[in-house]
Amino acid sequence: MFGWLAVNQLLLQDHRVRPAHLGDVGALDLGGGSTQITFALPPEAVGTAAVEAALPGRSVRVFTRSHLGFGNKQVLAALTPAEASACLAAGANASWEPDKRWGLQLDGARQLHGRGAFAKCEAGVMRVLATNGAMGRGAQPAVAGHHFVAMSLFYYAAHFAQASGHLRGGSSSYAVKELRAAAAALCAEDGAALEHRMAGKDPLTPTEAIRWRCFDLTYASALLSRGYGFSDDATVDFLGEIDGNEVEWTRGALLSHLAAEERSHRGGALGGGAFSAGEIGALLVLALGLCALYAFVRRRRKAAAGNPPYGRLDDRWLARRQARE
């Protein structure tokens with residue numbers, strides 16, 4: 001929810017995509033161990049499991065769910081050796097270890113030789129998403145009609161596809177079918193040639209991760225369609241930064257805390273204590289100011305240590321992000 005709130009707060013300040021109200025845009029997250037979806041529910045959504053999100057000036061009913069075990073590393077470990085090989089760039093060699101929790105009767109890590117076979121890779125991913133009730137959307141409302149921003153590994157995979165020429169440049173918004181087509185084209189590339197061509201070209205993709213981007217992009221497109229129910233023509237914005245600000249849940253946590261503090265001072269209930277437009281603006285300005293101060297301090301510390309300025313990626317930043325995923 002904090003990631004969802006951070007995305008919406010940043011978009012309110014962005015001149016390109018500005019929602020009418022804080023909370024209008026849904027958020028999708030993907031890490032190594034889990035994936036999340038959060039979006040505001042319309043007033044007519046009755047009987048849907050929801051939580052109340054306290055925002056400046058109002059309260060919003062939100063559907064939010066985290067699917068543990070459906071991060072990209074967990075799903076990769078759930079594939080069979082043949083499926084995992086199909087998801088590895090053609091000709092590349094990599095170590096892979098299955099996860100017994102998915103019923104695979106295999107022991108220990110093994111070396112795979114990549115085949116780069118998109119159809120076989122996608123079939124394996126779809127099998128995992130359909131196994132044991134898999135994503136279990138169940139009570140999840142339909143995503144049609146909602147605007148979504150996808151972050152973290154969704155963004156990294158799409159960014160690499162764009163950098164390697166498989167997604168059109170100059171945009172951050174792509175249809176699910178565009179993502180799938182890019183995955184097929186990426187998987188078709190020779191692994192050695194792709195690594196030679198792209199090594200060091202995308203700061204979000206370390207060299208050793210290039211061979212697995214075929215899988216990452218295939219899984220991202222399958223997760224959107226089979227996992228979350230997006231249509232092939234549905235478009236999603238893949239963002240890592242908004243107006244130079246990194247999309248991070250900590251920003252949303254700060255805004256949520258400030259809103260809760262203000263509500264507490266006013267007696268808790270929104271009713272007669274609802275914020276005025278000026279007060280909402282002041283609260284957002286305060287949140288932005290604190291975030292700017294935090295970014296400034298980080299920038300100064302990095303400069304003192306001889307690292308690139310905040311907002312540019314260095315190896316230690318990537319290592320911390322990958323460890324967190």
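A residue is termed buried when its relative accessible area is under 20%, exposed when that value is over 50%, and partly exposed in between. These terms are applied below to a predicted model.

Asp243 offers a direct use of this scale: at 42% relative accessibility, the residue counts as partly exposed. Asp243 sits in the loop between β10 (241-242) and β11 (245-246). Its backbone is notable for a positive phi of about 50°, although the residue is not a glycine. The general background is that most residues other than glycine have a negative phi. Ser152 also has a positive phi without being glycine, with a value near 55°. This serine belongs to the loop between β7 (148-150) and α5 (153-163). With a relative accessible area of 18%, Ser152 is buried, because the cut-off for that class is under 20%.

The discussion now turns to the N-terminal helix. Helix α1 covers residues 2-13, and its 12 residues should span 16 Å at 1.5 Å a residue; the C-alpha atoms at its ends are 17 Å apart, in agreement with that expectation. Of these 12 residues, 10 are buried, so α1 is largely enclosed by the rest of the structure. Among the buried positions are Trp4, Asn8 and Gln9, together with several leucines, including Leu5 and Leu10.

The covalent cross-links come next. A disulfide is a covalent bond between the sulfur atoms of two cysteines. With a pair of cysteine sulfur atoms counted as a disulfide when they lie within 2.5 Å, the model contains 2 disulfides. When the bonded cysteines are numbered in sequence order, they pair as 1-2, 3-4.

One disulfide joins Cys87 to Cys121, with the sulfur atoms 2.0 Å apart. The angle about the S-S bond is 105°, and this link is right-handed. Cys87 lies in the loop between α3 (81-86) and β5 (93-96), while Cys121 lies in helix α4 (residues 118-130), so the pair ties together parts that are 34 residues apart in sequence. Cys87 is buried, with a relative accessible area of 0%, and Cys121 is likewise buried, at 0%.

The other disulfide is formed by Cys187 and Cys214, whose sulfur atoms are 1.9 Å apart. Here the torsion about the S-S bond is about 95°, so this disulfide is right-handed. The link connects distant parts of the chain, with Cys187 in helix α6 (residues 176-187) and Cys214 in helix α9 (residues 213-227), 27 residues apart. Both Cys187 and Cys214 are buried.

Key. Residues are numbered from 1 along each chain as its sequence is written. This is a predicted model: local features need pLDDT of at least 70, side-chain atom pairs count only at pLDDT 80 or more; totals for chains, interfaces and linings use all residues. Side-chain values use heavy atoms; hydrogens and water are left out. Helices (H or I, at least four residues) and strands (E, at least two) are DSSP runs, numbered from the N terminus. The expected span of a helix is 1.5 Å times one less than its number of residues. Buried means under 20% relative accessible area, exposed over 50%, partly exposed in between (1.4 Å probe, protein chains only).
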